[in-house]
Structures are given as C-alpha cells and as structure tokens.
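Hi everyone, thanks for coming. I'd like to walk you through a structure today, so have a look at it on the screen.

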Amino acid sequence: MASDRPQLGFGSGVVVRIAVVCPYAFDAHGGVQDQVERLVRWLGEEGHEAWAVAPGSGGPPGTRTVGAWRSVPGNRARAPIAVDPRAVRRVAEAVADADVVHVHEPFMPMVSLGALLAETPPVVATFHADPGKVGRRLYRLARPLMRRVAGRIAVATAVSRVAASAITGVPRVRIIPNGIDLDRFDPEALAIPGRVLFIGRDEPRKGLDVLLQAWPRILRDVPGATLRVVGSERDSGPVGVTFLGRLGAEEKAIELGRCQVLVAPNLGGESFGLVVLEGLAAGRAVVASALPAFAAVAGDSAVLVPPHDPVVLARAVADLLVDPAAARRLGDRAAARAAAFGRETVLGAYIAAYRDAMAHSG
C-alpha cells in the first residue's frame with residue numbers, strides 16, 4: 001500500500017509504488033522502451049517508487065527482468081518480446097508489491113498480457129501501436145476475449161487518436177501523448193548549412209530507401225549537401241551520405257542541433273511520431289510523410305509530403321536547404337509546438353490516471 005511520506009502529485013503526502021510494464025526488451029531500441037524509461041525516471045524524480053518490468057537484461061536502474069526475449073515479426077517491423085509462458089508468473093511476482101501497475105501495449109504477449117491476466121493491483125493501460133489492417137482484423141476476431149481481459153483495466157490511455165482507433169471493447173480511452181525531455185534539446189544551436197538528418201531503424205516502413213532515392217535530386221539542387229543517418233548501419237552509401245548507427249540520447253541531440261532539415265519519410269504503421277517530435281523540440285525544419293499520426297504531432301509546424309514519393313520529398317527538402325530564413329521560421333514554430341509534449345503535461349496526465357485507477361479499485 002502507499003506509504004505516508006510527503007510527495008507532490010497526489011495531494012495527500014503519499015509516495016506511490018508504480019510498476020511500469022514494458023512488453024519489449026530494452027536490449028533492443030524502440031519508442032515504447034524509450035517512453036517507459038523516461039516515465040520511470042520522471043516518477044522517481046517526483047519522489048515515487050517506480051520500476052520497469054520487461055523481458056531481457058536491460059532497462060533503467062531497478063528494472064525487474066522476467067526472462068528471455070525473441071525478435072518476432074509484426075506490423076512491418078520486428079518486436080523483441082517474451083514468448084515463454086513462464087514469464088506470466090514472473091510478471092505477477094514483479095508487480096505484486098505495486099500500488100498501481102502501468103501496462104504498455106496491454107495485449108502484447110507474454111509480459112504485458114501476463115500483467116493484465118494476473119491478480120495485480122489496479123491497472124492503467126497505454127496503447128501505442130497502429131496495428132495496420134491485419135492487426136485490426138485480428139483485434140475484431142478476438143473481440144470477445146479482449147473485452148473480457150479489458151475488464152481488468154481501470155484507466156485506458158492511448159498515445160494518439162490513431163492508436164485509440166484500433167482499440168475495441170475498451171471504453172473511455174484518454175489521449176496522453178508520448179513525452180519528451182525538452183531541456184535535452186537546444187533550439188538555438190547553429191545548424192550546419194546543407195545538412196540533412198534521418199533518424200530511424202533500417203526497416204522498410206521507416207522510409208530510408210525513399211530518402212536515398214530522393215538524395216541525388218537533393219544533391220543536384222543543393223551541391224555539397226550532406227545526409228547523416230542515425231539508427232541504421234549500412235556498409236556504404238551514395239555521395240554525401242554517412243551512416244552513424246545507433247547513438248545515445250546526448251549524441252542524437254547534438255546531431256539534431258547541427259542539422260538544417262530533419263526528414264521523416266515513413267511509409268505507414270506509425271501511431272505517434274517520436275522522431276518528428278524530437279525534430280520539433282530541437283527547433284529544426286521538419287519534412288515528414290503526411291501520415292495522420294505525424295500530422296497530429298506536427299500540426300502546421302512541419303512540411304508534410306505524400307509518402308512513397310521521392311520526387312516531392314526531394315523538392316521539399318531542397319527548398320528548405322536553399323532558403324535558411326524559411327527553415328528558421330519553421331524551426332521556431334516547431335519549438336513552440338513541442339512545448340505541449342513536455343514533462344509537466346505528460347507526467348501530470350499519467351499521475352491523474354494513477355490516482356483515478358487507485359480510487360476506482362476502492
């Protein structure tokens with residue numbers, strides 16, 4: 001149960017123990033893992049006792065690991081999840097002393113689904129993914145089971161309306177966007193003229209190949225332009241392209257501060273747009289695919305282009321590279337837009353969800 005110690009957020013001087021359940025191993029990089037790590041850290045800084053529960057061996061300090069993981073294909077990507085049914089028992093043990101359990105991607109086996117099936121404390125569930133047409137069809141077929149399991153959710157949240165639209169059998173879903181550490185970025189950093197940045201895994205739906213198809217046109221219009229690729233590794237690239245592989249948060253923020261244009265040419269399957277948000281927070285000009293999730297994050301603070309179209313993409317990027325004043329104006333709007341995704345807004349919304357879940361359980 002909650003202990004009696006001064007603490008902000010709950011208004012009654014209590015410290016709350018929160019288990020934050022992540023279905024994906026921290027050993028592999030991903031947006032959900034990033035959000036879980038950030039939330040555990042933010043809660044700890046507020047004085048709460050928070051820990052992550054996940055498969056694998058990584059995670060923020062205090063993570064309770066529940067066994068091995070495998071890379072499983074799904075939604076045009078690969079998911080590092082636990083498939084061993086014994087993980088269900090380990091998850092139940094890992095969350096048993098929590099006051100509230102926050103389960104991310106609650107229908108994802110075995111860790112998150114295990115937390116939902118176990119006799120756990122009250123549950124806050126957060127849906128992240130746009131499962132695509134196949135996933136939505138499976139959701140509809142499994143609706144009776146999902147409705148029964150969903151009955152264990154006290155408060156349901158989704159990171160966007162796109163993610164919420166895939167959920168069936170879960171009433172009253174709150175929209176709480178992914179959060180970001182705004183102070184990690186410097187919108188006043190001086191960009192290197194002609195520098196373009198891509199951040200993302202080397203998976204088809206991230207659209208790196210579309211950008212590489214656009215690159216010769218960009219170079220033709222902006223001689224000397226350079227493209228830096230973070231999160232992907234290839235042996236070699238076209239002229240002007242440098243693959244940096246995966247970088248830490250600080251190194252990535254530096255790369256963002258030095259680019260003139262961030263490009264997010266994703267092809268679909270996105271429910272939020274964390275890379276787009278990072279570009280906004282860094283005060284950069286962002287060119288992104290016109291996906292519903294990206295449009296919701298960026299508003300009118302980015303240039304949106306049709307996915308799968310390297311010609312239009314090249315023109316949009318080149319136009320900003322040759323007009324630094326326009327890029328600067330767009331970046332200024334972007335930095336103002338990102339303020340809505342900061343710690344105060346996002347953490348405050350989650351603390352309210354925890355409080356309501358605990359009240360719901362009596």
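I'll talk about a sheet, the helices on it, and then a cavity. Please keep in mind that this is a predicted model.

Let's start with the sheet. Six strands make an open sheet with parallel pairing, in the order E14-E13-E12-E15-E16-E17. E14 and E17 (303-305) sit at the edges with a single partner strand each, so one side of each has no neighbour in the sheet. From one strand to the next, the twist averages 20 degrees.

Now for one of those edges. E14, residues 241-245, pairs with E13, residues 226-230, in the parallel sense over four bridges, and arginine 228 has threonine 242 in E14 as its bridge partner. Which side chains of E14 point to the buried face? Those are Val241, Phe243 and Gly245, while Thr242 and Leu244 point to the other face and are not buried.

Further in, E12 (195-199) runs parallel to E15 (261-264), joined by three bridges, with leucine 197 opposite leucine 262 in E15.

Next, the helices. H7, residues 208-221, lies across E12, E13, E14 and E15, at about 170 degrees to E13. H9, residues 274-281, packs on the sheet too, touching E12, E15 and E16 (285-289), and makes about 165 degrees with the direction of E16.

Finally, the cavities. There are three of 30 Å³ or more in the whole structure, and the largest holds about 70 Å³ of space. Its lining residues include Trp42, His104, His128 and Tyr350. Helix H1 gives the most to that lining, four residues. By type, the lining has five nonpolar, five polar and one charged residue.

Technical notes
Residues numbered from 1 in each chain as written. Predicted model: local features only at pLDDT ≥ 70, side-chain atom pairs only at ≥ 80, totals over all residues. Heavy atoms only, no water. 1 Å grid on protein atoms, 1.4 Å probe; cavity = no way out; pocket = protein on both sides within 12 Å on 5 of 7 lines; lining within 4 Å. Points joined across faces, edges and corners; volume = space filled by probe spheres on them. Helix = DSSP H or I, 4+ residues; strand = E, 2+ residues; numbered from the N terminus. Nonpolar A, V, L, I, M, F, W, Y, C, P; charged D, E, K, R; others polar. Buried < 20%, exposed > 50% of the residue type's maximum accessible area, 1.4 Å probe, protein only. Pairing = 2+ DSSP bridges. Axes fitted to C-alpha atoms, helices over the stretch in contact; angles between N-to-C directions. Contact = heavy atoms within 4.5 Å.
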